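Reader: I should like to learn how the descriptive terms for a protein structure are justified. Please show me the structure before we begin.

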Amino acid sequence: MDVKTKSRAELEGLSNRDRVRAADEAEKARSQRFIRSLLMMVTGVVLGVLLVRTLVFAPFSIPSESMHPQLWNGDILLAAKWPYGYSSASLPLGSAEPGERFLPAAPKRGDIVIFKHPVDGSDYIKRVIGVPGDTVAMFDGRLILNGELVNRERVEDFIIPVSLNTGCNFGGRESEDENGATICAYPQYRETLPGGLSYSVLKFGHSDGDTLSPMRVPEGQLFVMGDSRDNSRDSRFKAQAGLGVGLVPQNNLVGRAQVIIWSTDGSATWLNPASWFAATRWDRIGTGL
């Protein structure tokens, strides 16, 4: 007699109560197998996300206008974790005082980097201007690198729509576009670093960071600046919680800004799904950095 036949025969010999008990045990076993499978799948997904978040990419939101015109308040970007190696700063719960990096690599001048503030450990984003061995200075709002005035030319104004996320602040001129929408215009320049990398910066007028005595960048440190030069507390200012960052230790690096994956003007409300689409700045999604 085969196993199935034997099982049926044995089942036929059971009382009704035993049959119910056997059926319940079989159902319980199936439920346990399902739960184990579900837990294994969820665990795999969580571990996969943590692995990607730790070693490959991580999302960051832009909370201010210090990196105008490249980055806007309300942008969400992906930062690549591997270009500069890994330290505790790269981990999802990185500390303000990270240890040594694994697989270290140095940023290049012009890279847009995310790093832990040397004092309070919060995430900051700036552009690398000076690498170890460089001497950085400012005179009358102009950048001087290794004793040479960095080339800067005036280009067309930077125009940005005024929204809940982005007002028209110091240095801007508010007006309306052809559709009657409120916009803000800022003086914009094209700055070119030695080696040929160029990018846009904003410069409105006189500010505290316009003058800086020559500062040599020591080994293991970086000199960083915001592209909105009159609206950025960066390496030109002493490191203080929530304010200047001073020279940034390379071990504090989190990653390199790669691409904008989402952007909102701040007008969306949770209870109105239609507003989610209206608030999205669709033309910024996919912008490389």
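Author: The discussion below takes the sheet, one loop residue, the aromatic rings and the disulfide in turn. The model is predicted, so local features need pLDDT of at least 70, side-chain atom pairs count only at pLDDT 80 or more, and totals for chains, interfaces and linings use all residues. Residues are numbered from 1 along each chain as its sequence is written, and side-chain values use heavy atoms, with hydrogens and water left out.

Reader: What is the order of the strands in the open sheet of 7 strands?

Author: The order is 1-2-15-3-4-13-14, with antiparallel pairing. Strands are DSSP runs of E with at least two residues, and helices are runs of H or I with at least four, numbered from the N terminus.

Reader: Why is one side of strand 1 and of strand 14 left without a neighbour in the sheet?

Author: Strand 1 (57-61) and strand 14 (248-249) stand at the edges, and each has a single partner strand, so one side of each has no neighbour there.

Reader: What makes strand 2 and strand 15 a pair?

Author: Two strands pair if DSSP finds at least two bridges between them. Strand 2 (residues 75-80) and strand 15 (residues 253-263) have 6 bridges and run in the antiparallel sense, with Asp-75 bridged to Ser-263 of strand 15. Strand 3 (residues 112-116) also pairs with strand 15, over 3 bridges, and there Val-113 has Arg-256 as its partner. Strand 13 (residues 221-225) is joined to strand 14 by 2 bridges, with Gln-221 opposite Pro-249.

Reader: Why does Arg-101 count as buried or exposed?

Author: Buried means under 20% relative accessible area, exposed over 50%, and partly exposed in between (1.4 Å probe, protein chains only). Arg-101 has 15% relative accessibility, and therefore counts as buried. Arg-101 lies in the loop between strand 2 and strand 3. Its contacts (heavy atoms within 4.5 Å), leaving aside neighbours within four places in sequence, include Tyr-84, Gln-250 and Leu-253. Arg-101 and Gln-250 are 149 residues apart in sequence and 8.7 Å apart in space, C-alpha to C-alpha.

Reader: How many aromatic pairs does the structure hold, and why is the pair of Trp-262 and Trp-282 given its name?

Author: The structure holds 9 aromatic pairs. Rings of Phe, Tyr and Trp (its six-membered ring) pair if their centres lie within 6.5 Å; planes under 30 degrees apart count as stacked, over 60 as edge-to-face and the rest as tilted. Trp-262 and Trp-282 have ring centres 5.5 Å apart and planes at 75°, so the pair is edge-to-face. Trp-262 lies in strand 15 and Trp-282 in the segment after helix 3 (273-279), so the pair ties together parts 20 residues apart in sequence. By contrast, Phe-115 and Tyr-124 form a tilted pair, at 6.1 Å centre to centre and 35° between the planes.

Reader: How do you know that Cys-168 and Cys-184 form a disulfide, and why is it called right-handed or left-handed?

Author: A disulfide is a pair of cysteine sulfur atoms within 2.5 Å. The S to S distance of Cys-168 and Cys-184 is 1.9 Å, and the structure holds 1 disulfide. The torsion about their S-S bond is about 65°, so the disulfide is right-handed. Cys-168, at 23% relative accessibility, counts as partly exposed, whereas Cys-184, at 0%, is buried.
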